[in-house]
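Hi everyone, thanks for coming. I'd like to walk you through one model today, so please have a look at the screen with me.

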Amino acid sequence: MLSSDQLGPQWDCPLGSKGLEDKEGPWGGGSGLPPPDCFPGSWRLDVGLDCKGSPEGAEARAWTAYYYSLLQSCLQQAGLPETQDRSQVPRTGCPGAEVTLCVLGSPSTFLSVLLEGGVQSPGNMLLCLSPAWLTKVPAPGRPGEAALLVSKAVSFHPGGLTFLDDFVPQRQATYFLVGLGPGPGQGREAAELARDLTCPTGASAELARLLEDRLLSRHLLAQRGGVAVPATLAFTYKPPTLLRGGDGSPGLRLVELSGKEGQETLVKEEVGAFLHSEALGDALQVAIKLSSWRWRGRQALRLHPRAEVGTVADTVVALLEKLEEEESVLVEAVCPPARLPSPGNPPPGPELALRICAVVCRTQGDRPLLSKVVCAVGRGNRPLRHQNLCCPPVILQLHLVESDPNHFASQLVQTFIHFDVTEHRRDEENARLLAELVRARGLQLDGCFSYWDDCLVLTALLCQELGLPCSPPAAMRLAKQKSRTQLHLLRRQGPPWPSPSLHAVPCCPLESEADVERAVRQVPLPGVMKLEFGAGAVGVRLVEDARQCHQHFSRIAHDLQGEADHPGIGLGWGNSMLLMEFIEGTEHDVDVVLFRGELLAAFVSDNGPTRLPGFTETAACMPTGLAPEQEAQLVQAAFRCCLGCGLLDGVFNIELKLTGAGPRLIEINPRMGGFYLRDWILELYGVDLLLAAAMVACGLRPAVPPHPRATGYLVGVTGLVSQHLQVLRSTASQEALQALHDRGLLRFSQFTSLEEAQVPGEYEEPYCSVACAGPSPAEARLRLLGLCQGLGIDGPHYPVAHFLSHFK
């Protein structure tokens, strides 16, 4: 696993807040009842979790049930079957009893180890979800030592099969691994179980305390191992013994405080000296965070320019009041984002340090063994419309709700309801009024859904009013607002693991010029500015510095104030913006079908390079040309991001970039993919996303193949009025392209009328897509290039060959 800290603001986390509770529960030192998280998916809960002879209290039983649901969620997300309960018939024999590998801890933390153990030693890899499932007894003939007996556990087998088992007689552990951190409650109970055993153990409270204090581990690595660490100024309060006294380390300044109050003068002197020191090198920013084993690597992080000495000192002083014993406040250099080596790029220089974690065990003879570790690891497309519009914006079975009384689809449905839904700040009120209209007409509805961006939250609210299946309105709101999506996922540290925070991108919401000034201090530049509720990549722009950020914010605020300025791109929700970090990598769309939290199908397509500084789509290829393992990474990232936002039922379009460090999220569109995607998927896979969305909306499981295979390849380019107006009126007119489409020589998808598409280039959306099919991406690409050259779509200012170069 490659571990990297997210550089992003915690907008709703108060400075120095202790609100980042440890979701690992009692093993990590937590106490009280488990978090109220509702894990996505469905599984049986009437299973035998009680252990005979070891009754648990209410709090302990709640944690056991929590971990069981967490295990089922992890298995379901990995595409593995639900655990089978066979505890009513205890296991009397112990095949391979000479090996009993026992894990006590969070299933999400140890899932890869457990699955691999089930392959290497079937039935002997056991997961205990409660300390009550284990018993510690004196070891015969070994004074002061104890044997560990397992009464109940989840056993792992090849193929990801798991069973909830009771053991009579109890099985004796030959290896014990416990996931814990120092702390009260069951954490102490788990630590006591691991102490003075006859069998080897893989963790201890003392080791966790040593490794999980960032400052302590950094100090030991620098002082005793000569490892280079980021320039760091640390204010410590009653530090642990290993940090007391002794010489400092290069680049690491330790200031031991006598108290938490009255330290303003000392802090200002130390901060000023540190920010002006050569140790910071050419760093332009510093990060301020808390450090101790209690935080387990999760801190409230604040970034400040190096030049703001007073602000940095004030932030440190504010945090000092929150300190507990053995905690520290760190001021450290912000290193630029790591650019991992890739083909065509030189490897990172020697100054780059990466923290790499591996799972290692010991064999007989005390030899280290590294086992294979199994890791379960935009462009804002618009929905189809005009002649490609296959259904109205909001569908209730065969009933249509539409703001336009003359909408062409009004004559194609059983019931037409004219209702103005353009003011989306009143969605809750409109949902209640719509529900009253539906009931007044006596309509018996099976489902309600929409693929129109602006109406997604309204649809969820209407479903809630009528008791129809749908993802929760809160999830739709979360996915609809781009900055809320990213900031929410950044905080989703798990479980389950890997957490969706790995794929989120630092960003800041922008409501005013003051927000722009604050954002450029917290989001690494270059960045991307876009509309919070935008679609079709309208107004999306690459910004290199603070001046460009202010200019683009002012331009959007003046040009795009409401729906009338550019209909259909989300301005009915307002024109607020966000600034997010620009991520290098190839861009991809993942269209997924989810039913009750289960991933039924996923379709991955590749996108060509955009015409910077804008991000309007140029080209696409389906299916993806990525290696299978890269495609799987994108699918899992898309799936986890949806679940992380609470999207459990529906057809969703997720835009991602594949970087050298894995998939990163651009945005989630909580509806089926727009433009040509539905047509392409139907053509290549025989799966109709529109039908799938309608079935899920009615509570029906769509019959889609879990691993669909494409019948060929489609490669296409988009046509832009700003670049192709002349040819769109001549050689590539709508009539000419439609005629070629009818002859099977190309696929023509028109997104809007030629008149509506004539808007300023900066706010332009694609007019159409022209694609060619082939048995391979190379053949489809060559056909398309020749066609574009013949029609005049290719040209010096619109180099189609370059846009298709990603698909080689």
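Let me begin with a definition: a salt bridge here is a side-chain nitrogen of Lys or Arg within 4 Å of a carboxyl oxygen of Asp or Glu. Keep in mind that this is a predicted model. With that rule, the count comes to 23 salt bridges.

Take Arg701 and Glu598 as one of them: their closest N and O atoms are 3.2 Å apart. This pair links distant parts of the chain, 103 residues apart, with Arg701 in the loop between helix 16 and strand 30, and Glu598 in strand 26. Are these two residues buried or exposed? Arg701 is partly exposed, with a relative accessible area of 45%, and Glu598 is partly exposed too, at 29%.

Now set that beside Lys152 and Asp166, whose closest N and O atoms are 2.6 Å apart. Lys152 sits in strand 6 and Asp166 in strand 7, so the salt bridge ties together parts that are 14 residues apart in sequence. Here Lys152 is buried, at 1% relative accessibility, and Asp166 is buried as well, at 9%.

A further pair is Arg678 with Asp688, with 2.8 Å between the closest N and O atoms. Arg678 belongs to helix 15, while Asp688 is in the loop between helix 15 and helix 16, ten residues apart. Arg678 counts as buried, at 9% relative accessibility. There is also a network of salt bridges, and it links Arg86, Arg91 and Asp165.

Let's turn to a sheet. This one is open, has five strands in the order 10-9-13-11-12, and its pairing is mixed. Why do strand 10 and strand 12 each have one side without a neighbour in the sheet? They stand at the edges, each with a single partner strand, so one side of each is left free of a neighbour there. From one strand to the next, the twist averages 20°. Strand 11 and strand 12 run antiparallel and are joined by four bridges; in strand 12, Leu303 is the bridge partner of Ala287.

Two helices to point out on this sheet: helix 5, residues 214–225, packs on it and touches strands 9, 10, 11 and 13, its direction making about 130° with that of strand 10. Helix 7, residues 309–320, packs on the sheet as well, touching strands 9, 10, 11, 12 and 13, and its direction makes about 5° with that of strand 11.

Next, helix 11, residues 482–491. Eight of its ten residues are buried, so this helix is largely enclosed by the rest of the structure. Among the buried ones are Lys482, Gln486 and His488. And what covers them? The cover includes helix 10, helix 14 and strands 21, 22, 24 and 29.

One more residue while we're here: Tyr451, in the loop between strand 20 and helix 9. Tyr451 is buried, with a relative accessible area of 5%. Its C-alpha atom is separated by 8.5 Å from that of Gly673, although the two are 222 residues apart along the chain.

Finally, confidence. The mean pLDDT of the protein is 82, and 83% of its residues reach 70 or more. Over residues 350–355, however, the pLDDT is below 50, and that stretch has eight contacts in the model beyond near neighbours in sequence. Residues 181–185 also stay under 50, with 15 contacts beyond four places in sequence. Where pLDDT is low, the predicted coordinates should not be read in detail.

Thanks, and I'm happy to take questions.

Key:
Residues are numbered from 1 along each chain as its sequence is written. This is a predicted model: local features need pLDDT of at least 70, side-chain atom pairs count only at pLDDT 80 or more; totals for chains, interfaces and linings use all residues. Side-chain values use heavy atoms; hydrogens and water are left out. Buried means under 20% relative accessible area, exposed over 50%, partly exposed in between (1.4 Å probe, protein chains only). Contact means heavy atoms within 4.5 Å. pLDDT is the predictor's confidence in each residue, from 0 to 100. Two strands pair if DSSP finds at least two bridges between them. Axes are lines fitted to C-alpha atoms, for helices over the stretch in contact, and angles run from 0 to 180 degrees between N-to-C directions.
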